[in-house]
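Reader: I'd love a close look at one part of this model. Could you walk me through it?

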Amino acid sequence: MALPASAKPLRADAERTVRAILEAAERVLSVNPAATMEQIAEAAGVARTTVHRRFASRDALITALATWATQRFYEAVEAARPETAPPAIALYQVTANVLRVKIGWGFAMGADPTGAPEAARVHAEVLARCERLFARARDAGLLAPDTDLDWARRVYYALIHEAAAEAPDTDAAVDALATRVVDTLLYGIGRPATR
């Protein structure tokens with residue numbers, strides 16, 4: 001778990017406890033966004049006081065959850081090597097990796113916590129990388145030379161959002177969905193217009 005620079009590193013057992021709480025929070029809050037800290041503690045297999053010792057409030061827990069998921073999101077993009085892999089491969093791999101994060105951390109990825117500057121910074125970095133990848137895709141001929149890259153990126157994000165809503169439960173299904181997203185982005189779903 002990425003900690004603020006001023007935070008003291010956690011011992012391995014404390015790190016495992018925090019991770020268990022965050023994973024339980026994701027599971028519980030995905031089903032019931034109004035779940036209590038006590039319900040999250042029960043799902044994590046820890047005492048309610050342990051959750052309160054690690055997270056001062058429910059808002060603090062949700063902020064930590066969003067920050068944790070944002071770090072997974074960043075790592076998913078980074079693992080695809082968007083600036084060095086061939087653009088078509090990077091686009092597909094980013095899509096598959098991000099879908100896995102969005103499906104596994106859906107509540108956290110949708111949370112908009114206040115006071116999470118690290119999450120905002122990471123999202124800005126991912127946005128910049130996506131913009132560079134789309135420019136590389138255009139330069140490689142995957143996108144038309146006159147493509148509005150901002151529009152293409154927004155369409156791509158919407159496709160990923162809709163694909164994640166399907167929540168496939170196998171790697172093969174996620175891979176197939178990633179292929180569908182990339183194919184839809186690059187080739188569309190209709191026939192070319194005749195003039």
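Reader: Which helices are included in what covers the buried residues of H8?

Author: Happy to help! This is a predicted model, where local features need pLDDT of at least 70, side-chain atom pairs count only at pLDDT 80 or more, and totals for chains, interfaces and linings use all residues. Residues are numbered from 1 along each chain as its sequence is written, and side-chain values use heavy atoms, with hydrogens and water left out.

The cover of the buried residues of H8 includes helix H5 (87–104), helix H7 (117–139) and helix H9 (171–187). Here, helices are DSSP runs of H or I with at least four residues, numbered from the N terminus, and contact means heavy atoms within 4.5 Å.

The buried residues themselves are Leu149, Ala152, Arg153, Tyr156, Ile160, Ala163 and Ala164. They sit on the same side of H8, because they cover an arc of only 105 degrees around the axis; the arc is that of the directions from the helix axis to the C-beta atoms. On the other side of H8, you will find Trp151, Glu162 and Ala165 exposed. Buried means under 20% relative accessible area, exposed over 50%, and partly exposed in between (1.4 Å probe, protein chains only).

Now for the two ends. At the start of H8, Asp148 brings a side-chain oxygen to within 3.1 Å of the backbone nitrogen of Asp150. That is judged as a polar contact: a pair of N or O atoms within 3.5 Å, where, within protein, one must be able to donate a hydrogen and the other to accept it, and residues adjacent in sequence count only if both atoms are side-chain atoms. Just after H8, Ala167 has a positive phi of about 45 degrees.

Conventions
Helix = DSSP H or I, 4+ residues; strand = E, 2+ residues; numbered from the N terminus.
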